[in-house]
Amino acid sequence: MSASAATDPAAPRLALRGITKRYPAVLANDRIDLQVLPGQAHAVLGENGAGKSTLMKIVYGAVKPDEGQIRFNGQPVQIRNPQQARALGISMVFQHFSLFDTLTVAENVWLGLDKSLSLPEVAQRIRSKASEYGLEIEPERPVHTLSVGEMQRVEIIRALLGEPQLLILDEPTSVLTPQAVDKLFEVLRLLVSQGCSLLYISHKLHEIRALCTACTVLRGGRVTGVCDPREESNASLSRMMIGAEPPPLQVHQRQPTAPVLSVRGLSLPKAEPFGVDLDRVSLQVRGGEVVGIAGVSGNGQRELMWALSGEDARAPEAGGQLLLHGQDIAGMGPGGRRRLGLHFVPEERLGRGAVPSMSLAHNLLLTRSESLGMAGWIRTGALAEQARGLIERFRVKAGGPQALAQSLSGGNLQKFIVGREIEARPKMLIVSQPTWGVDVGAAAQIRGEILALADAGCAVLVVSEELDELFEICDRLHVIAKGRLSPGIARDQASVELIGEWMSGLWPEAAAEGHHAQA
Amino acid sequence: MLRLEPRPGASRLWTYASPLLAIALTVGLGVLIFLALDKDPVRALQMFFWEPLKSKYAIGELMVKATPLLLIALGLSLCFRSNVWNIGAEGQFVIGAVCAGGVALLAAKDTGGWIVPALLLAGVLGGMAWAGLTALLRDRFNANEILVSLMLVYVAIMVLTYMVHGPWKDPAGFNFPQSKTFESVTKIPRLMSGSRANIGVMLALAGAVVLWIYLFRTRAGFAQQVGGLAPAAARYAGFSSRRALWVALLVSGGTAGLAGALEVAGPIGQLTPYVPAGYGFAAIIVAFVGRLHPGGMVLSAILMSMFYIGGELAQSRMGLPRSITGVFQGLLLFCLLACDTLVAYRLRWMPKGGR
């Protein structure tokens, strides 16, 4: 209350009081109180749509609250824009990146800084920060050639360059290897010990419990709990977050049947300057089997997915073989492969898996043709009905079949897209990052659907950067590193440490030989 | 400092009302221009908005001008929806006219009625071929279609000029650069007597219906638009971007060529250097004012046609300069873009100190 609060060392670093933000359709934040002490790692936990992102944007000055008060180091402040937030010492790493595709890493970082530094100096600072924290990145690379994971590294480095007093991190670990997560946590703990406060948004409960000493749980725009996560269990945190525990996954023993997808010695030179060459990738997925590909993003996952889905049409000229049910599919486009029963869920939902400005019903037409009549006539009634059925079956929260894809939250759109491909009753389903940025409830549902599909005899290939997820649903694991694919290993023989090691490209070649001999 | 800030959601009402507001603003600005030119604004507006609707003949004339505008705009809207920027419809129109004219010149006094469909087909094929050049260069060499199609307009006009100065010049034409007048059998059948409007009106309206069906009721039309809205999604779905490019350019070239054929074998009746009347460029405005929607473009083609006729009347009866038509067209497009921008964004006054 007093003017001397600024010098009061006991004042909280950040104190929010009664923050309310209304949007035309929703009350995103409803009288939220939150307090972060200096040098505290404070978790903000909640499902998608719980209001976490809005609240963080308010703290970062990107959104203006309708009501409520913000105090920073005891001083009441009005944070009008991100520049002002950064001037106060608040940095943020966004879940959705704010990077310009056509600029290089260094230029992107430079844009956010005051202009006292020259571009080469910025590049130098990026390099030193990058090596300090083990976040490998080349400052000269254009952003459009980066994978999602690499883009996030740029965002983290950009935030750290501001030497923040309060660092906001929105789901930062989803793209890191377990070892890199440990390393990041070391960095974050170091920051905390230096007195920097963290606001850490995540849905990974074990991470929150490993890193954070305080936690505010949000549900439906309201605070539903404040606790010390180290004293809570996953179950109790889940209850606060979604009001219930997610149902446990039904994992059944399955007997794999005949091979569905066989890739033998697939080599593809990179299609763009900073891509990854695929180097003699071999793998096999059998019916009723879930095979996972682990790896840090940017190691060839994108290229492999392009080649498998048919979006990269160069496969026939490249070395190697692509067989679906023994039939050579290398020369086929995505449509042809889909007709043979190969369906694919890409990692980018908006713009690739769905057209943002089209309705959900029309987005069905990207991969489904049940509602088409003669000569490709669209039966609009049947199409809307189909979309309605999908929305209902997969519990997608949407305004109906005519809702635009871009109006859905990430998790709901993902449910819709995964549902669209699963409902097509594929023989081979390839899913890239099935639960990236999806909340706990939706993630559990999507994993359950994938397993149910495998139970029904479908072959499933999952590419994910979340090891927990792969260990949860896969029967067999591969690791991709620098464009090469490791031999497969059964889940019960694998461990997080082993897979983490393989992620750096270190797997025993002898095992690989043995695997080939076997196959 | 003024800043544009995105609105949370565009108002549905204003999304549709924005063309109307743009027209109202155009009229308002037009009044100011007439006042500045010392002309009676009421009479001038009459020229634009009343005279073209006054009589059956006037309405016929309105349709004569609206037909090529609508036909070309239909094709262009398919291009623009597919993210293919064909700016050269004028050239495709001219080549369509040249090809149709070539066929019409073959006709003799005793030629049968088949000559009309034949010359229309020649016009369509000519326009398609001309647009196909753009498609080929884009497909094969990744050349920018905006530049290529625009530059080809001038080549097309040169082709026309060469033909009427050279091989096809009327021997009995006192050395004027024009072909002989086409035989009357080549005349496009008129809709009714006492008006120059011909069956082209029907073709254009049928084209609008076909385009609507294609865009909103067929998978091929859907695929075409996905390529424009989200190229990665089109690739994911397996829709060919090359196919979309060729379809868009061939269709728009074909409609522009058809418009050219209807024009030379209809109201003009011979090939002259004055065939290119700017319809190909005005149709771009028609397409956008009509929201790239077939129904909207029918209305905007009529509106644009009123501007053409009003401009001519204002010129002959009030002594206003010829460029007044262009000024009106430009004003309308400008106002529409401004209205659209303000539907999606709002202006915010940001005091300099706040930044």
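Two strands are taken to pair if DSSP finds at least two bridges between them. With that in mind, the tour of this predicted model begins in chain A.

**Stop 1: the sheet of chain A.** Select strands β12, β11, β14 and β15 of chain A, which form an open four-stranded sheet in that order, with antiparallel pairing. At its edges stand β12 (278-286) and β15 (327-328); each has a single partner strand, so one side of each is left without a neighbour in the sheet.

**Stop 2: the helix on the sheet.** Add residues 301-309 of chain A, helix α9, which packs on the sheet and touches β11 and β12 of chain A. The direction of α9 makes about 60 degrees with that of β12(A).

**Stop 3: an inner pair of strands.** Next, highlight residues 259-268 and 319-324 of chain A, the strands β11 and β14, whose antiparallel pairing runs over five bridges. Within β14(A), Gly319 of chain A is the residue that stands opposite A:Ser267.

**Stop 4: two helices of chain B.** Move to chain B and select α5 (residues 115-141) together with α6 (residues 145-165); their axes come within 10 Å and cross at roughly 145 degrees. This crossing of α5(B) and α6(B) is right-handed. To view the contact, show B:Trp130, B:Leu133, B:Thr134, B:Leu137 and B:Arg138 from α5(B), and B:Glu145, B:Val148, B:Ser149, B:Leu152 and B:Ala156 from α6(B). Sorted by class, the contact has six nonpolar, two polar and two charged residues.

**Stop 5: confidence.** Finally, colour chain B by pLDDT: the average is 90, and 97% of the residues score at least 70. For the complex, the predictor gives an ipTM of 0.81 and a pTM of 0.78.

Conventions:
Residues are numbered from 1 along each chain as its sequence is written. Chains are lettered from A and ligands numbered from 1 in the order in which they are written. This is a predicted model: local features need pLDDT of at least 70, side-chain atom pairs count only at pLDDT 80 or more; totals for chains, interfaces and linings use all residues. Axes are lines fitted to C-alpha atoms, for helices over the stretch in contact, and angles run from 0 to 180 degrees between N-to-C directions. A crossing is left-handed if the near helix is turned anticlockwise from the far one by less than a right angle, and right-handed if clockwise. Two residues are in contact if their C-beta atoms, placed from the backbone, lie within 7 Å. Ala, Val, Leu, Ile, Met, Phe, Trp, Tyr, Cys and Pro count as nonpolar, Asp, Glu, Lys and Arg as charged, and the others, Gly among them, as polar. pLDDT is the predictor's confidence in each residue, from 0 to 100.
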